[in-house]
Protein chains: 2
Amino acid sequence: MAKSPVPASCSEHGVMTSLGDKWTILVILQLARAPEPRQRFSRLRRDVAGISQRMLTVTLRMLERHGLVVRHYHAEVPPRVEYELSPMGASLVPALETFAAWIATHWDAMMQARDDYDVQEP
Amino acid sequence: MAKSPVPASCSEHGVMTSLGDKWTILVILQLARAPEPRQRFSRLRRDVAGISQRMLTVTLRMLERHGLVVRHYHAEVPPRVEYELSPMGASLVPALETFAAWIATHWDAMMQARDDYDVQEP
DNA sequence: CGGAATCCCAAAGGATACTG
DNA sequence: CAGTATCCTTTGGGATTCCG
């Protein structure tokens with residue numbers, strides 16, 4: 001990069017790199033969909049399909065760092081940590097749910113298009 | 001992966017991996033925002049800030065493969081190729097614009113939160 | 001002009017082991 | 001339990017060159 005003088009769209013560009021990440025979106029949706037607003041680390045680990053413990057840690061840290069998630073640490077033995085969406089994080093949820101709904105609606109058509117494309121052009 | 005028996009959320013998971021990609025979102029938005037519905041390769045290359053020729057090719061191929069973009073090839077000399085959103089691709093745009101609008105609105109707050117976080121915890 | 005192919009490096013991310 | 005640290009493999013993606 002550093003070839004164009006950082007246009008205005010660079011803010012979008014930068015956020016897409018982090019927020020557009022697969023795990024980020026899935027973790028936020030999981031936090032939003034669960035009945036209880038606060039979720040424990042191990043629960044998220046189970047419910048976000050396929051995420052590794054490392055990526056969940058990294059993702060939650062990034063979200064906390066940007067003010068989208070609040071981390072509640074309880075200094076007990078064994079320790080208990082809960083995560084919940086901040087008001088700003090919660091305000092992002094509708095956009096993500098719209099995105100997720102679009103996927104659910106068009107998933108079959110996209111897979112069909114992909115198969116058609118693949119049989120035609122080898 | 002292949003540890004959990006591929007739950008229903010795997011569709012979201014799978015699409016996020018491709019559609020959630022940074023370049024994919026930026027290319028779709030560029031195709032949607034330009035006044036002319038059809039855009040030439042070289043124009044997209046210029047307008048999508050920072051994208052390499054390789055990634056633009058890969059991204060457009062993937063979008064075409066999934067039925068979100070239509071490729072118009074004109075066998076002239078020199079050849080001319082135009083891309084435009086399919087109806088399905090266009091139907092995704094509102095969701096992405098909502099996402100982009102959220103980013104524009106909350107960008108400053110996120111950067112502020114990030115700076116606050118960074119000075120506190122070294 | 002609009003790619004495709006190759007090369008190659010840097011970053012992402014999984015597996016494992018250890019700790020407060 | 002909720003991480004952190006390390007290692008190591010896989011992937012992303014830029015640079016370059018060549019082709020229709």
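This report describes a predicted model, taking in turn the relation between two protein chains, the surroundings of DNA strand C, and the setting of one histidine.

## Relation between chains A and B

In this predicted model, a turn of 180° combined with a shift of 0.0 Å along the axis lays chain B on chain A with an RMSD of 0.1 Å. That is the relation of a two-fold axis. Within chain B, the C-alpha nearest this axis belongs to Gly20(B), at 2.7 Å from it. Both copies are served by the same surface, as 95% of the contact residues of chain B recur in chain A.

## Surroundings of DNA strand C

DNA strand C is surrounded by 19 residues, and the closest come from both protein chains, being Ser52(A) and Met55(A) on the one hand and Ser42(B), Arg71(B) and Tyr83(B) on the other. By residue class, the surface near DNA strand C divides into 8 nonpolar, 5 polar and 6 charged residues. On the side of the DNA, 65% of the atoms of strand C that lie within 4 Å of the protein belong to sugar or phosphate, while the rest belong to bases.

Three arginine side chains illustrate approaches to the backbone and to a base. A polar side-chain atom of Arg71(B) lies 2.6 Å from a phosphate oxygen of DNA strand C, and a polar side-chain atom of Arg40(B) is placed 2.9 Å from a phosphate oxygen of that strand. Arg54(A), by contrast, has a polar side-chain atom 3.4 Å from a base nitrogen of DNA strand C. The elements giving two or more residues to the surface near DNA strand C are, in chain A, α4 (53–65) and, in chain B, α3 (41–47), α4 (53–65) and β3 (80–85). Of the contributing elements, α4(B) gives the most, with 4 residues.

## The setting of His72(B)

Where in chain B does His72(B) lie? His72(B) is part of strand β2, which covers residues 69–74 of chain B. Is His72(B) buried or exposed? Its relative accessibility is 17%, and His72(B) therefore counts as buried, since the cut-off for a buried residue is under 20% relative accessible area.

The side chain of His72(B) makes a polar contact, at 2.7 Å, with the side chain of Glu84(B). When neighbours within four places in sequence are left aside, the residues in contact with His72(B) are Arg38(B), Arg80(B), Val81(B), Glu82(B) and Glu84(B). Glu84(B) thus appears both in this list of contacts and as the partner in the polar contact.

Terms used:
Residues are numbered from 1 along each chain as its sequence is written. Chains are lettered from A and ligands numbered from 1 in the order in which they are written. This is a predicted model: local features need pLDDT of at least 70, side-chain atom pairs count only at pLDDT 80 or more; totals for chains, interfaces and linings use all residues. Side-chain values use heavy atoms; hydrogens and water are left out. Copies are superposed by least squares on the C-alpha atoms of residues with pLDDT of at least 70 in both. Contact means heavy atoms within 4.5 Å. A residue is near a molecule or strand if one of its heavy atoms lies within 4 Å of it. A polar contact is a pair of N or O atoms within 3.5 Å; within protein, one must be able to donate a hydrogen and the other to accept it, and residues adjacent in sequence count only if both atoms are side-chain atoms. Ala, Val, Leu, Ile, Met, Phe, Trp, Tyr, Cys and Pro count as nonpolar, Asp, Glu, Lys and Arg as charged, and the others, Gly among them, as polar. Buried means under 20% relative accessible area, exposed over 50%, partly exposed in between (1.4 Å probe, protein chains only).
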